[in-house]
Amino acid sequence: MKIAVFPGSFDPVTLGHLSVIEAVAPLFDKIYVAIGVNADKPGCFPVEQRKQWLQQVLSSFDNIEIIDYNGLTVDLCKTLNAKFLVRGLRNVIDFQYEKDMAEANRKLWPELQTLFIPTLPEYSCISSSVVRDVFRHGGDCSQFLPKGVKLK
Ligand code: PNS
């Protein structure tokens with residue numbers, strides 16, 4: 001069984017995340033979309049809310065499960081026996097950071113392979129942090145978010 005983990009903060013889930021998930025969903029038997037929880041950085045939206053949005057957006061995929069986790073992503077992958085880690089790339093700045101993380105993760109667990117998936121070009125300017133900033137300043141975030149995700 002081919003199992004992958006797509007980890008992230010998803011604070012909140014964006015159209016960019018969705019484009020990555022749509023690209024990889026046919027490639028794996030099971031994909032865990034995993035919300036990384038950091039007690040020192042609670043984030044903007046509660047984890048339960050982020051989970052609900054993901055469940056709603058991804059309800060049509062029968063091979064996707066939404067989970068949250070603490071600690072190292074590589075440890076989660078080991079526990080789930082997931083040998084593939086999926087990360088989205090928007091630009092070369094993402095690539096430099098993600099390449100370093102992929103190499104570090106592979107040193108921690110040599111069986112783990114990271115797959116980089118480019119987001120659709122029309123979504124390359126979208127990040128959760130941009131969405132949060134627009135939201136905080138009262139702007140309309142709807143064009144950055146999957147249908148049904150309403151920030152509050
Ligand atoms: O959406 P983000 O903010 O880019 O997600 C980052 C996340 C949660 C994937 C990353 O911070 C992470 O993997 N955190 C868990 C701790 C860990 O494994 N760090 C990497 C060590 S190489």
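**A salt bridge, a ligand site and an unusual loop**

The side chains of Lys 51 and Asp 68 form a salt bridge, with 2.9 Å from N to O; the term denotes a side-chain nitrogen of Lys or Arg within 4 Å of a carboxyl oxygen of Asp or Glu. Lys 51 belongs to helix 2 (residues 47-57) and Asp 68 to strand 3 (residues 64-69), so the pair ties together parts that are 17 residues apart in sequence. Helices (H or I, at least four residues) and strands (E, at least two) are DSSP runs, numbered from the N terminus. In total, the structure holds 8 salt bridges. Side chains of opposite charge can pair when their charged atoms come close.

This is a predicted model, in which local features need pLDDT of at least 70 and side-chain atom pairs count only at pLDDT 80 or more, whereas totals for chains, interfaces and linings use all residues. Residues are numbered from 1 along each chain as its sequence is written, and side-chain values use heavy atoms, with hydrogens and water left out.

The ligand is surrounded by residues that include Pro 7, Gly 8, Tyr 69, Leu 72, Met 101, Ala 104 and Asn 105, a residue being near when one of its heavy atoms lies within 4 Å. Strand 1 (3-8) and helix 4 (92-108) each supply at least two residues of this shell, and helix 4 gives the largest share, 3 residues.

Three side chains place an N or O atom beside an oxygen atom of the ligand: that of Thr 73 at 2.5 Å, that of Ser 9 at 2.7 Å and that of Arg 87 at 2.8 Å. Each is a polar contact, for which the pair of N or O atoms must lie within 3.5 Å. Taken alone, the ligand exposes 550 Å², of which the protein buries 67%; these areas come from the Shrake-Rupley method with a 1.4 Å probe.

The loop between strand 1 and helix 1 (15-24) contains Pro 12, and Phe 10 also has its place in the loop between strand 1 and helix 1. The peptide bond from Asp 11 to Pro 12 is cis, with omega near 10°. Phe 10, although not a glycine, has a positive phi of about 50°. Most residues other than glycine have a negative phi, and most peptide bonds are trans.

Note on methods:
A polar contact is a pair of N or O atoms within 3.5 Å; within protein, one must be able to donate a hydrogen and the other to accept it, and residues adjacent in sequence count only if both atoms are side-chain atoms.
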